[in-house]
Amino acid sequence: MLMLVWLTGCASGGDDVAAKVKEGASAPAFALPAQDGKTYRLADLKGKWVVLYFYPKDDTPGCTKEGCDFRDQYARVRKTGAIVLGVSKDSLESHKKFAEKFKFPFPLLSGEDVKVCAAYGAYGPKTLYGRIFKGIIRTTVVIGPDGKVKRIFPKVKVDGHVEEVLQVIEKGA
């Protein structure tokens with residue numbers, strides 16, 4: 001079974017950690033609440049494929065497109081045994097509205113601090129309109145059933161990304 005986890009919006013504190021997580025290394029643990037009232041833990045997913053999908057913010061154009069792309073490919077993802085989870089710094093209430101508005105068939109988790117984002121290297125310097133600041137770096141991390149990081153997609157471009165992720169999942173599942 002593959003688990004897809006979507007991590008988002010960790011935009012304060014921490015150092016540049018873009019290189020913290022490495023392919024082949026053990027995936028950092030997490031335990032985060034979701035808008036469905038449950039807490040999701042990496043430890044509970046042992047034996048399953050996990051895809052951590054980091055994006056900047058609920059209900060923004062690029063993040064909405066990415067989420068809708070995963071939603072639209074959800075049946076294909078489920079055929080591999082995947083469960084989709086989203087995680088962000090956004091509040092559980094924001095996640096609830098976002099998930100309902102776009103009919104996401106997967107829970108969205110809330111990480112109120114940047115610890116999970118930092119642990120996965122998805123937080124660091126960004127540039128917007130010539131201004132440099134720290135924020136979420138759109139990143140996807142694929143974790144195997146053994147708990148090891150199998151693939152990292154840094155600085156993700158939304159178009160075609162879900163297909164890239166599915167190719168990794170389908171080869172490994």
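This tour moves through a predicted model of a protein, from the whole chain to selected helices, strands and side chains.

**The whole chain**

Begin with the entire protein in view, coloured by secondary structure. The protein has five helices and ten strands. Of its 173 residues, 49% are buried. If the surface is displayed, about 8,300 Å² is exposed, and carbon and sulfur atoms account for 54% of that area. Contacts can be considered next. Where the two residues in contact lie at least 6 apart in sequence, 68% of the contacts join residues at least 24 apart.

**Helix H5**

Select residues 161-172, which form helix H5. From the first C-alpha to the last, this helix of twelve residues reaches 17 Å, close to the 16 Å expected at 1.5 Å a residue. Now show the side chains of His161, Val162, Val165, Leu166, Val168 and Ile169, which are buried. Turn the view to look down the axis of H5: the buried residues fall within an arc of 160°, so they line one face of the helix.

**From H5 to H2**

Keep H5 displayed and add Arg76 and Glu163. These two residues form a salt bridge, with the closest N and O atoms 2.8 Å apart. Arg76 belongs to helix H2 (residues 74-79) and Glu163 to helix H5, so the pair links distant parts of the chain, 87 residues apart. Are the two partners buried or partly exposed? Arg76 is partly exposed, at a relative accessible area of 25%, and Glu163 is also partly exposed, at 33%.

**Further salt bridges**

Side chains of opposite charge can pair when their charged atoms come close. In the whole structure, a search finds nine salt bridges.

Select Arg71 and Asp72 next. A salt bridge joins these two residues, and their closest N and O atoms are 2.8 Å apart. Asp72 is exposed, with a relative accessible area of 52%, whereas Arg71 is partly exposed at 25%.

Proceed to Asp146 and Lys150. This pair also forms a salt bridge, the closest N and O atoms lying 2.9 Å apart. Lys150 is partly exposed, with a relative accessible area of 36%, and Asp146 is partly exposed at 47%. Then select Lys65, Asp69 and Asp159 together: salt bridges that share partners join these three residues into one network.

**Helix H1 and Thr64**

Select residues 61-72, the extent of helix H1, and pick out Thr64 within the helix. Thr64 is buried, with a relative accessible area of 12%. Which residues does Thr64 touch, not counting those up to four places away in sequence? Display Asp59, Phe98 and Phe102 to see these contacts of Thr64.

**The hairpin of E7 and E8**

Finally, select strand E7 (residues 123-128) and strand E8 (residues 131-136). The two strands run antiparallel, and six bridges join them. To locate one bridge, highlight Thr127 and its partner Ile132 in E8. The hairpin has two residues between the strands, and Tyr129 takes a positive phi near 55° in this hairpin. With side chains displayed, one further point may guide the eye: in a regular strand the side chains alternate between the two faces of the sheet.

Key. Residues numbered from 1 in each chain as written. Predicted model: local features only at pLDDT ≥ 70, side-chain atom pairs only at ≥ 80, totals over all residues. Heavy atoms only, no water. Helix = DSSP H or I, 4+ residues; strand = E, 2+ residues; numbered from the N terminus. Buried < 20%, exposed > 50% of the residue type's maximum accessible area, 1.4 Å probe, protein only. Contact = heavy atoms within 4.5 Å. Areas by Shrake-Rupley, 256 points an atom, 1.4 Å probe, with all protein chains shown as cover. Expected span 1.5 Å × (residues − 1). Arc of directions from axis to C-beta. Salt bridge = Lys/Arg side-chain N within 4 Å of Asp/Glu carboxyl O. Pairing = 2+ DSSP bridges.
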